[in-house]
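This report walks through one protein chain and the ligand that goes with it. Please keep the sequence and the structure in view while reading.

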Amino acid sequence: MRTVTTRAELEQSLAQLPRPVALVPTMGALHAGHVALIAAARRAAATVVVSVFVNPRQFANAADVARYPRTLASDQQLAEAAGADLLFTPDADQIYPPNEPVAMIEPGPLATRLEGASRPGHFTGVATVVSRLFDLVRPNEAYFGAKDAQQVRVIEWMAAQRSDQISIHRVTTVRDGDGLALSSRNQMLSASGRVAAAKTIPVALSLIAEAYASGVTSVAMLRTLAERVITAEPSVTLDYLDFAESATLVPLSESAQIGDAAPGEVLVSLAAVVDGVRLIDAITLP
Ligand code: AMP
């Protein structure tokens, strides 16, 4: 695996690698969740490119960008072991050259609720950086995690606006033994926060999945079941527990019966704050 940092080096390396090319965009601090994306890309494509770029345009402030963990040596090891051919670790100047205008991508209604409501501008930053990476890497396909459900919908929308027909793949969320979805943010939890998060967030979503599988379709009833688990743990603050049509992210009404109200899949997404750390997770109901 080669590591390249400039556009010119990227261009040179890509010219020597076979197509089809799969891209796995990340912000680094790679863990087994990222590894699952790289492994899925490896199974599908002749060349796997992993990008590591902490995108300043998707953070609310510079301090958060500075605080983001940077673990390049371990990222290189994990990416290579998972089968990557090329690791692209650009500086901001390579992605947003100072003399070039940046066409900001505004995802519109998909980006206004949920994470978009608490992080204004976040999905504009995400859609813009991934679009820049698509321009530079010119992949045939790209891989994203289902945990960040709204993000992957925004990316699917963005890709559909482009003429290059890059196919977008969702990879099932990788969880730790206690059920908590892997996230670089988990490192910021205290030991007791970690236990509280694992006892609530994945458990609430599993309860919904199980109740739905056994025939409970009322949004209000499913919500009550899940919220009971979360409110029982005072150190966990629920930001939202949301039921929406997967394709449009339009919310279901509380009185809706899943199946009657929404023709397709329903996305159940959740955000909660533990130890000041905002964690998100999601499942879909068929
Ligand atoms: P990040 O580096 O956090 O921006 O994440 C890069 C990619 O990895 C995104 O597509 C995420 O959705 C995905 N990802 C993060 N955590 C997980 C996980 N636990 N399971 C699967 N994919 C994940």
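A helix, in the sense used here, is a DSSP run of H or I with at least four residues, and helices are numbered from the N terminus. The model discussed below is a predicted one.

## Helix α4 and its two sides

Helix α4 covers residues 72-82, and its buried residues are Asp75, Ala79 and Ala82. Seen down the axis of α4, these buried residues fall within an arc of 65°, so they line one face of the helix. The face of α4 turned away from that buried side carries the exposed residues Ala73, Gln77 and Ala81.

What do the buried residues of α4 pack against? Their partners are α2, which spans residues 32-44, together with β3 (47-52) and β4 (86-88). After α4 comes Gly83, a residue whose phi is positive, near 110°.

## A buried serine in helix α1

Ser13 belongs to helix α1, which is made up of residues 7-16. Is Ser13 buried or exposed? Its relative accessible area is 3%, and because a residue counts as buried when this value is under 20%, Ser13 is buried. When the neighbours within four places in sequence are left aside, Ser13 is in contact with Arg2, Val4 and Leu86.

## Backbone details in the loops

Some details of the backbone are found in loops, and the loop between α1 and β2 (21-26) is where Pro20 is placed. The peptide bond that leads from Arg19 to Pro20 is cis, and its omega is near 0°.

Two further loop residues can be described by their phi angles. Leu114 lies in the loop between α5 (92-95) and α6 (115-118), and its phi is near 55°, a positive value in a residue other than glycine. Gln165 is placed in the loop between α8 (149-161) and β6 (167-171), and this residue too has a positive phi, of about 55°, although it is not a glycine. As for their surroundings, Leu114 counts as buried at 8% relative accessibility, whereas Gln165 is exposed, with a relative accessible area of 71%.

## The shell around the ligand

How many residues surround the ligand? There are 17 of them, and the closest are Met27, Gly145, Asp148, Val174 and Leu182. The residues of this shell divide into seven nonpolar, eight polar and two charged. At least two residues of the shell are supplied by each of β2, α2 and β5 (141-145), and the largest share, three residues, comes from α2.

## Polar atoms beside the ligand

Oxygen atoms of the ligand have polar protein atoms beside them, and in the case of Met27 a backbone N or O atom lies 2.9 Å from a ligand oxygen. For Gly145, a backbone N or O atom likewise lies 2.9 Å from an oxygen atom of the ligand. With His34 the side chain is involved, and one of its polar atoms lies 3.0 Å from an oxygen atom of the ligand. Taken alone the ligand exposes 490 Å², and the protein buries 92% of that area.

Conventions:
Residues numbered from 1 in each chain as written. Predicted model: local features only at pLDDT ≥ 70, side-chain atom pairs only at ≥ 80, totals over all residues. Heavy atoms only, no water. Buried < 20%, exposed > 50% of the residue type's maximum accessible area, 1.4 Å probe, protein only. Contact = heavy atoms within 4.5 Å. Arc of directions from axis to C-beta. Near = heavy atom within 4 Å. Polar contact = N/O pair within 3.5 Å; in protein donor to acceptor, adjacent residues only side chain to side chain. Areas by Shrake-Rupley, 256 points an atom, 1.4 Å probe, with all protein chains shown as cover. Nonpolar A, V, L, I, M, F, W, Y, C, P; charged D, E, K, R; others polar.
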